[in-house]
Amino acid sequence: MIEALINMVLLTLLAAIMIGVVRLRNLFAVVILSSAYSFIIATVLIVLDAVDVAMTEAAVGAGISTVLMLAVLFLTKTEEQKPKHSPALPLFVATVTGIALIYGTLDLPAFGVPDQPIHTHVGAYYLEKSVEETGIPNVVSSVLASYRGFDTLGETTVVFTAGIGVLLLLRRNRRRNGKNGETS
Amino acid sequence: MDFLQTVVSHYNQWIAVFLMVSGLYIVVARGNMVKKLVGLNLFQTSVYLLYISPGKILGGTPPILAAEFAVYSNPLPHVLILTAIVVGVATLSLGLGLVVRINEAFGTIEEEELFARDPEA
């Protein structure tokens, strides 16, 4: 019961931060709020027993993402302009989508109940056979590195491609600046 | 009492939906590109919540096997979301690189001003 209560309090905090992010126009404040959001969602993930994911989110979401966004703010502007269009249409679309999705959740299994379909298939198999087949007591590690190793390989490919993309974008930039420097 | 039961058993999904549509709203309604990327990032984070919540068993422990525990939460969503977080920061950095380039080329990161400067848009 206490687990569910902590979970609900933290989720309410998340929703409050989200409202702040939507309303604020100072981008510096928005970035810092999104960092706080990442820390709170890492705490929620610990309550939900996903300790490995929580560590990754705290390091990557609250750490690296925030640093990257602050670096971009340093290179650009920190104040957002007032929107010229009326926000009525996006608000309508978001509200309708939200209502449809909430209607859809009513048929989903309740939170925290052991007898639901997700626990019957391959998850239970991993929990039962992990030590026997791979010798790793941390099931998340054994699934990540052994049972689903190809997923991780694909993930590495995506990160590598994104790294190449960023390098190309920023290097071209530097060369052009150099040329400008020579001519002027 | 019945309504309260429904609220408690679906609260995670409802908050996930709220975060999702708020992220969608920021991406569509706001013209500043850094703000759009923050919105996209928060949109993504709501999906983590949607995936991890059903794997939780109340009274269970994290899926690290030990003799003292019998009930573990489902490890499979954790693995999927670990992958999603790392891919998410990769796409975010690529998007931010594009924002820096756009700012170099046009001197602004506001959508309205960009449209005004590009005669074909």
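How far apart do the end C-alpha atoms of residues 12-28 of chain B lie, and how much of the span is helix? The ends are 24 Å apart, and the span is 100% helix and 0% strand. Please keep in mind as we go that the model is predicted.

Let's stay with chain B for a moment. The stretch we began with comes from a record: an unreviewed UniProt entry lists residues 12-28, 40-59 and 79-100 of chain B under "transmembrane region". The middle stretch, residues 40-59, gives another picture, with 65% helix and 0% strand, and its end C-alpha atoms lie 33 Å apart. Taken as a whole, chain B has four helices and zero strands, so its elements read α-α-α-α from the N terminus on. How spread out is this chain by the globule rule? Its radius of gyration is 20 Å, well over the 14 Å that the rule gives for 121 residues, so chain B is more spread out than a compact globule. Along the principal axes, its C-alpha trace spans about 65 × 40 × 15 Å.

Now turn to chain A. This chain has seven helices and zero strands, and its pattern along the sequence is α-α-α-α-α-α-α. Its radius of gyration comes to 22 Å, where the globule rule gives 16 Å for 184 residues; the value is well over the rule, so chain A too is more spread out than a compact globule. A box of roughly 70 × 45 × 25 Å along the principal axes holds the C-alpha atoms of chain A.

The records have something to add here as well. For chain A, the unreviewed UniProt entry gives "transmembrane region" for residues 6-22, 27-48, 54-76, 88-106 and 152-170. Two of these can be looked at in the model. Residues 27-48 of chain A are 95% helix and 0% strand, with end C-alpha atoms 31 Å apart. Residues 88-106 of chain A are also 95% helix and 0% strand, and here the end C-alpha atoms are 27 Å apart. An unreviewed UniProt entry also lists "domain: MrpA C-terminal/MbhD" for residues 13-76 of chain A. Over those residues the chain is 89% helix and 0% strand, and the end C-alpha atoms are 30 Å apart.

With both chains in view, we can bring them together. The contact involves 81 residues of chain B and 91 residues of chain A. The area buried between the two chains is about 7900 Å², and carbon and sulfur atoms give 74% of that area. Polar contacts are found too: the rule picks out 21 residue pairs across the interface, both residues being at pLDDT 80 or more. On the side of chain B that touches chain A, the elements giving two or more residues are helix H1 (2-29), helix H2 (33-52), helix H3 (76-106) and helix H4 (111-117). H3(B) provides the largest share of that side, 24 residues. By residue class, the side of chain B that touches chain A divides into 47 nonpolar, 26 polar and eight charged residues.

What about charge pairing? Side chains of opposite charge can pair when their charged atoms come close. Over all chains, the whole structure holds four salt bridges, and the count between chain B and chain A is two. Which residue of chain A forms a salt bridge with B:Lys56 at 2.7 Å, N to O? That partner is A:Glu3. The pair crosses between chains, from helix H1 (residues 2-23) of chain A to the loop between H2 and H3 of chain B. B:Lys56 also forms a salt bridge with A:Asp49, whose closest N and O atoms are 3.1 Å apart.

One last stop is A:Pro114, which sits in the loop between helix H4 (88-105) and helix H5 (122-134) of chain A. Leaving aside residues up to four places away in sequence, A:Pro114 touches A:His119 and B:Ile57. For a sense of distance within chain A, A:Pro114 and A:Val72 are 42 residues apart along the chain, and their C-alpha atoms are separated by 45 Å.

Terms used. Residues numbered from 1 in each chain as written. Chains lettered and ligands numbered in written order. Heavy atoms only, no water. Contact = heavy atoms within 4.5 Å. Buried area = accessible area lost by both parts, 1.4 Å probe. Salt bridge = Lys/Arg side-chain N within 4 Å of Asp/Glu carboxyl O. Polar contact = N/O pair within 3.5 Å; in protein donor to acceptor, adjacent residues only side chain to side chain. Nonpolar A, V, L, I, M, F, W, Y, C, P; charged D, E, K, R; others polar. UniProt positions renumbered as here; feature names shortened; annotations may be inferred. Rg over C-alpha atoms; globule rule 2.2 N^0.38 Å.
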